[in-house]
Amino acid sequence: MRFPYLWSFLSFSSHHSFEHGFRNYKLLRVLNLDRAPFSCFPPELVELIHLRYLSLRRTMIRELPESIRKLKYLEILDLKKSNVSSLPSGITQLTCLCQLRNYGHSFQSSLFFPDTHGMRVPSGIGRLTSLQKLVGVEVNEDYESVRELGKLTQLRRLGILKLREEQGMDLCYTLERLKHLTSMYVVSLNKTDVLQLDSILSPPKYLQRLYLECSLSALPGWIASLQYISKLVLQYSNLKSDPLKALQKLPSLVVLELRQAYAGEELCCDAGGFSKLKKLGLHELERLQRIRIAKGSMPGLDRLDITACTVLETVPDGIENLKNIEDLVLWEMPSTFIKTVERRRGEDFWRVQHITTITRKYESQGRWVSETLL
């Protein structure tokens, strides 16, 4: 109350009561209320017309008022891990907005990987042409909103959730117009929904991070043309052909994760493949029996994670060729596989510094227990 000329106020605690409110802080530009004990939106906030940054992260607020349109200079609105599930139409009048993000995670369909939920956006979201980051948009049955996102041509980061199978073509239409994208997160409504993404003729060529959480009839060919992609995560893809063959020539790829993404029995990497890869994750590939790593492939790999590949017979053939590997992490692997690792570590794993097994002990409590073998 003694600082009426305050420009910035940042709180990261759930113990502050804010009993005096914010009416006296008319000059605030930056307001961070992370974890603040609010169950509804404080109405006086819309009177802080000079706000450029507003964070309501991890609050219990469920909705924003239509009067949010008064914050006409707002540039960043952070609702991450809040309870806001839809945005009012007034948000479309915040034409200075550069970043709008609202997403959270919960474990429902998988023990290992969280489901992502976000927010519904109103019609007219395409008016916010200054947006560079828009994360957590749930489209569901709103077919028009998928195409409307194509008007946001300054976007660098886009997260789009709850896509239906029949919206794949609309997504392709949008992505061809987002030339500046560097990060994209795509999640289908159901993991069995097949998104047809092959028709993209001119993908965003500056993509650095790509997450596809959906079923695919085949790996889209344009992914192999992404010269700057450094992280690629494929989940629920259910691919029939070996994705390593298609991806091994990517020149900048550092992290690759396959999560229930491959329905085949063998993965192979050729000599010279994955020249920059540092981390490889193979998760819940239920039919995978063999992994073959040719000499001269993955020269920089330092971590290999294998999760719940229940019929994998043994460690990858050629693992001794990985000159820089330091960590081998085994999640929920069968005891026969672990015994093979213990038996062969003297001959194959002399370069590995750490081998860690992680299992779920006590099913009722869901407690994870790790054991270091080396």
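1. A good place to begin is the span of residues 8-326: its end C-alpha atoms lie 44 Å apart, and the span is 6% helix and 24% strand. Please keep in mind that this is a predicted model. According to the unreviewed UniProt entry, residues 8-326 carry the annotation "domain: Disease resistance R13L4/SHOC-2-like LRR".

2. Now for the interior. The largest nonpolar core contains 102 residues. If you would like some landmarks within this core, look for Leu54, Leu134 and Leu256, the residues with the most contacts inside it.

3. Leu256 deserves a moment of its own. Setting aside neighbours within four places in sequence, Leu256 touches Leu232, Leu244, Leu247, Phe274, Leu277, Lys279, Leu280 and Gly281. One of these contacts, Lys279, comes back below as a bridge partner of Arg303 in β17.

4. Next, strand β17, residues 303-307. Four of its five residues are buried, so β17 is largely enclosed by the rest of the structure. On one side of the pairing list is strand β15 (residues 279-283), which runs parallel to β17 and is joined to it by five bridges. Within this pairing, Lys279 is matched with Arg303 of β17.

5. Strand β17 also pairs with strand β18 (residues 327-331), again in the parallel sense and over five bridges. Here Asp305 has Val329 of β18 as its bridge partner.

6. Helix α2 (residues 168-175) is a nice one to inspect on screen. This helix is mostly covered, with six of its eight residues buried. The buried ones are Gly168, Asp170, Leu171, Cys172, Thr174 and Leu175. What do they pack against? The buried residues of α2 pack against α1 (143-148), β9 (157-163) and β10 (183-188).

7. Finally, a loop residue: is Ser215 buried or exposed? Ser215 sits in the loop between β11 (209-213) and β12 (231-235). Its relative accessible area is 8%, and because buried means under 20%, Ser215 counts as buried.

8. The surroundings of Ser215 are worth a look too. Beyond its neighbours within four places in sequence, Ser215 is in contact with Lys191, Thr192, Asp193, Val194, Leu195, Tyr236, Ser237 and Asn238. As for Leu239, its C-alpha lies 8.0 Å from that of Ser215, although the two residues are 24 apart in sequence.

Notes. Residues numbered from 1 in each chain as written. Predicted model: local features only at pLDDT ≥ 70, side-chain atom pairs only at ≥ 80, totals over all residues. Heavy atoms only, no water. Core = buried A, V, L, I, M, F, W, Y, C linked by side-chain atoms within 4.5 Å. Buried < 20%, exposed > 50% of the residue type's maximum accessible area, 1.4 Å probe, protein only. Contact = heavy atoms within 4.5 Å. Helix = DSSP H or I, 4+ residues; strand = E, 2+ residues; numbered from the N terminus. UniProt positions renumbered as here; feature names shortened; annotations may be inferred. Pairing = 2+ DSSP bridges.
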